[in-house]
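Hello,

Here is the structure I promised to pass on to you. Have a look at it first, and my notes on what turned up follow below.

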Amino acid sequence: MDKTWWKESVVYQIYPRSYQDSNGDGIGDLKGITKRLPYLQWLGVDVIWLSPIFQSPNDDNGYDISDYQNIMTEFGTMEDFDELLEEAHKLGLKIMLDLVVNHSSDEHRWFMESRSSKDNPYRDYYIWREGKEGKEPNNWGGSFGGSAWQYDEVTNMYYLHTFSKKQPDLNWDNPVLRNEVFSMMTWWLDKGVDGFRMDVINMISKDTTFPDGNKEGRLYGDFTPYVMNGPHVHAYLQEMNEKVLSKYDVMTVGETPAVSVEDAKKYAGFHTNELNMVFQFEHMCVDEGRYGKWSRKPLDLVELKRIFTKWQTGLDGIGWNSLYWNNHDQPRIVSRWGNDKEYRVKSAKMLGTCLHMLQGTPYIYQGEEIGMTNVDFTSIHQYKDIESLNQYDDFVNKIGMDKEEAFARIKRSSRDNARTPMQWDSSQYAGFSTVDTWIEVNPNYVDINVENQINDETSILHFYRNLIAFRKANEIVVYGTYEPLFEENETIFAYKRTLGEEVMYVLCNFTDKEVKLPSFEYEENKKDLAIHNDTAWEKGMLRPYEARVYLVK
């Protein structure tokens, strides 16, 4: 397998609004991130992915961009960005930006021109359609509730917005628009950025017949089959690669909901000339039910393992996996599939071990490395996320759900669980700020923070640092093949990695019970124990949330 830096890297995602406030306005900013670069270098990560930092009215926290070549006022200036990039590079850290080009903000100059008249040169930068019998062009629902179409009085037509009505979808079928995007990307790459994470990039090509979607059990029709992995998406990404990406040594990862392994081979195959890797969501949907992400079922570990195995073996030698539990859109993994009370430390270490020993590039989301948990809000008014607030409104006012049940669903699955400020120390506002913060700090920051863990070698933080160092020291972690073990076992996630003469065994107990290890080809030997999250070791038994990695030379 060809060796490349992006296969060997560990990525750390920063949500700038919540990382570090440097100027005392309660909002994280670029100077704050620059201040924390030595911490990230100490941790051992290689690439920093910044969620959007561009000018935005913040309807969806920066994923609605009004100027792709300017910095969000609250985050600082272009000089601040240049300083961040320069300081990161000095420390051997790369910077990856979030490219959001499925849609823009409705306050972007392009859209303001586009809506002004039907014959404006920018009209075709967006997707406009006539209404049908005085209503929307079709029955599609938007990802944040309501219809995916917004009526615009100026020209008496509807525009498509697969997210909020303030996020009109760009029309990638227009070559002029594509070239605008490519020249903007080139501008950032010439500045020295090291790659892009591409927001919902598999949605840029739509089925332009706009058929109605399946409405079964829903308020609106499902647009997924007509918007995701659309007719020209691969042609557009190949064009992007040819005109922009191939000219630079950069890292690219596409966020691609609803992709199969076969789709991923096209987006991220080693020889398809599109992207380096994709984020797939299959493992993140394993506990969904009737209300999608808002109906957390207990984890089915056998199913989770089946999904990981399918991706690990399916892309082996053909493409590359990205590995993640957390990001800005997901509740905290230690609260979701770990145990954030009695076994928070052990389960956080186990989850980290299980993920980081797989083949692929691991992504750490800010605070994951200290075991940050879901937030214990008590009122819907404490939430800021547009998706959560709209969903609560739909539950209560459209479905007629009991308010307490609706709130419990939001609390468990809201994206705001990931967006509370980074917990640096036990001072007021967790060392994130000196004033009231844009969203409340998780009250458990007094116990769970970087300062408490940085000098404690048994902490989650040190464990993550050691996981990263182990990966760098052992090529088998990056390049070894993957083979599942005990596939039908309902409590243990175990697998084998092989590279040449070396073999590595990974054993993870996903429960709060002691479990017996099935016998297998390897005779457990304490001298081969390379990573362990427990103080005790008993052959053939795994204690609650115990994780072991045996490296057999």
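Let me start with a small puzzle: is Tyr63 buried or exposed? Before the answer, please keep in mind that this is a predicted model.

Tyr63 is buried, because its relative accessibility is 5%, and the cut-off for buried is under 20%. Tyr63 sits in the loop that runs between strand E3 (54-55) and E4. Setting aside residues within four places in sequence, Tyr63 has contacts with Ser51, Pro52, Asp98, Val100, His103, Gln167, Arg197, Asp199 and His328. One of these partners, Ser51, is twelve residues from Tyr63 in sequence, and the two C-alpha atoms are 8.3 Å apart.

Another partner of Tyr63, Gln167, is worth a look from its own side. Gln167 belongs to the loop between strand E8 (157-160) and helix H6 (175-191). Its relative accessibility is 0%, so Gln167 counts as buried. Leaving out residues up to four places away in sequence, Gln167 touches Asp60, Tyr63, Asp64, His103, Ser104, Phe144 and His161. You will see that His103 appears among the contacts of Gln167 and also among those of Tyr63.

Now for the chain as a whole. It contains 17 helices and 20 strands. What radius of gyration does the chain have, and what would a compact globule have? The chain has 23 Å, while a compact globule of 553 residues would be near 24 Å, so the two agree. Along the principal axes, the C-alpha atoms fill a box of roughly 75 × 50 × 50 Å. Of the 553 residues, 62% count as buried. If you take the contacts between residues at least 6 apart in sequence, 71% of them join residues at least 24 apart.

On the surface side, the chain exposes about 21,100 Å², and carbon and sulfur atoms supply 47% of that. As for charge, there are 61 positive and 88 negative side chains, with the centres of the two sets 3 Å apart.

Next, the cysteines. How many disulfides are there? The count comes to zero. Cys285 is in no disulfide, and the nearest cysteine sulfur, that of Cys354, is 18 Å away. Cys285 counts as partly exposed because its relative accessibility is 34%. Cys508 also has Cys354 as the residue with the closest cysteine sulfur, but at 4.3 Å the two sulfurs are too far apart for a bond, since a disulfide needs them within 2.5 Å. With a relative accessibility of 0%, Cys508 counts as buried.

Two backbone positions also caught my eye. Most residues other than glycine have a negative phi. Val200, which is not a glycine, has a positive phi of about 25°. Val200 is placed in the loop between strand E9 (195-198) and helix H7 (224-227), and its relative accessible area of 4% means that Val200 is buried. The other position is Phe486, again not a glycine, with a positive phi of about 45°. Phe486 is in the loop that links strand E14 (481-485) to strand E15 (492-499). At a relative accessible area of 15%, Phe486 is buried.

Two more residues towards the start of the numbering round off the tour. Where is Tyr12 found? Tyr12 is in strand E1 (residues 11-14), and it counts as buried because its relative accessibility is 0%. Tyr12 and Asp394 are 382 residues apart in sequence, and their C-alpha atoms are 34 Å apart in space.

Glu74 lies in the loop between strand E4 (67-71) and helix H4 (78-90). Glu74 counts as partly exposed because its relative accessibility is 28%. Apart from neighbours within four places in sequence, Glu74 is in contact with Arg17, Asp25, Ile27, Gly28, Asp29 and Asn58. From Glu74 to Gly26 there are 48 residues in sequence, and the C-alpha to C-alpha distance is 9.9 Å.

If you have time for one spot only, I would open the view on Tyr63 and Gln167, which touch each other and are both buried. Happy to talk it over whenever suits you.

Best wishes

Notes:
Residues are numbered from 1 along each chain as its sequence is written. This is a predicted model: local features need pLDDT of at least 70, side-chain atom pairs count only at pLDDT 80 or more; totals for chains, interfaces and linings use all residues. Side-chain values use heavy atoms; hydrogens and water are left out. Helices (H or I, at least four residues) and strands (E, at least two) are DSSP runs, numbered from the N terminus. The radius of gyration is taken over C-alpha atoms; the globule rule is 2.2 Å times the number of residues to the power 0.38. Buried means under 20% relative accessible area, exposed over 50%, partly exposed in between (1.4 Å probe, protein chains only). Contact means heavy atoms within 4.5 Å. Accessible areas come from the Shrake-Rupley method with a 1.4 Å probe; for residues, only the protein chains shown count as cover. Lys and Arg count as positive and Asp and Glu as negative; His and the chain ends are not counted. The place of a charge is taken as NZ of Lys, CZ of Arg, CG of Asp or CD of Glu.
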